[in-house]
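Reader: I would like a close look at a single part of this model, namely its salt bridges. Please take me through them carefully, with the terms explained as they come up.

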Amino acid sequence: MAFLADALSRVKPSATIAVSQKARELKAKGRDIISLGAGEPDFDTPDNIKKAAIDAINRGETKYTAVAGIVELREAIARKFKRENNLDYTANQVIVGTGGKQILFNAFMATLNAGDEVVVPAPYWVSYPEMVALCGGTPVFVATTIDKQFKLQPEDLEKAITPKTKWLIFNSPSNPTGAAYTREELKALTDVLVRHPQVWILTDDMYEHLTFDDFKFTTPAEVEPKLYDRTLTMNGVSKAYAMTGWRIGYAAGPLQLIKAMDMIQGQQTSGTNSIAQWAALEALEGPQDFIEKNKKVFQGRRDLVVSMLNQAKGLKCPTPEGAFYVYPSCEGLIGKTAPSGKVIETDEDFVSELLESEGVAVVHGSAFGLGPNFRISYATSDALLEEACTRIQRFCAACR
């Protein structure tokens, strides 16, 4: 009898973590590697947020907190939802977790039974389907296309919904594509969801504040109030506030669901790190001006990368509305021979040959459920991005 749980056979390791690990190993061997795989800002956490954490330590805020989070932070999150998203929540409708991953996992663990289906637009963040599978559900993938900017279309959502559908996972701006939905595009999707009262919406708004070109962010329950009672709106401080390592995610939703998630978290990790919670409180309530400055930097990097990749032979790169990723197609290089002599048959071959040949680490699109593409994170310096894109251009030109 096997010692390990059967559930492990339903999941795969994270491809993004694997790419970062491979890049580290090659660097350790002395290779000149530019890693564009990690999904985290290269900016430091703002000083006022760091100071809030130090002050919390000095005040002795080092004990266990309530499982759902300190009340001060939950009240601040409720104010954030009202201020920025026009959503009314009380503090007891809010839960704080150890990153967005725990929030998502708890929601699925609290709601999924064997046979329940979860609609997952592809390409998707690598952890969504794995979490669904671990919690006993069945991910149902809905492919998007580069011609539609990788956005879920209402008619495709309609076709994917069955009597077994329990959730739609919705991520805008998207990881891995950076695609973000306008209010009109989102309303077309919520119109479909209104017609299917058994379907709940889990919206991942982690990249809310990283949008470009005057794009106006909206979230499903804001666009369609009829969905308020079956929407879990998840967010966090990781991306906009450059706080990935602080591990603070949060969500608000119907009280019954939040209580269930609280119960699961109480038997899992209990309350989130107390110091990080006080830092997150300052992030949400303190000065916000640096977000706009960082956005301008990210937008400049996006424009640089999109321009240079579209000059590479065989690549086609759409211009995303948000996040800090691009998701170019490498279809034009499938069937070509790499400088090593290997034929590029898949996007995984493309990224493997690119790493070996030019020392640029990116993530293959098939890991996100849609290829032949690859994901680049442009959350690094202009100089490194320019060098990386020059190497990519050189690699593509050398493929015959």
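Author: A salt bridge here is a side-chain nitrogen of Lys or Arg within 4 Å of a carboxyl oxygen of Asp or Glu. The model is a predicted one, in which local features need pLDDT of at least 70 and side-chain atom pairs count only at pLDDT 80 or more, while totals for chains, interfaces and linings use all residues. Residues are numbered from 1 along each chain as its sequence is written, and side-chain values use heavy atoms, with hydrogens and water left out.

One such pair is Lys50 with Asp47, whose side chains meet at 3.5 Å, N to O. Both residues belong to helix H2 (residues 47-58), where they sit three residues apart, about one turn of the helix; helices (H or I, at least four residues) are DSSP runs, numbered from the N terminus. With a relative accessible area of 27%, Lys50 is partly exposed, whereas Asp47, at 59%, is exposed; buried means under 20% relative accessible area, exposed over 50%, and partly exposed in between (1.4 Å probe, protein chains only).

Other salt bridges connect distant parts of the chain. Glu130 and Lys12 form one at 3.1 Å, N to O, and this pair joins helix H5 (residues 127-134), which holds Glu130, to the segment before helix H1 (15-28), which holds Lys12, 118 residues apart. Glu130 counts as buried because its relative accessibility is 12%, while Lys12 counts as exposed at 58%. In total, the structure holds 29 salt bridges.

Methods. Helices (H or I, at least four residues) and strands (E, at least two) are DSSP runs, numbered from the N terminus.
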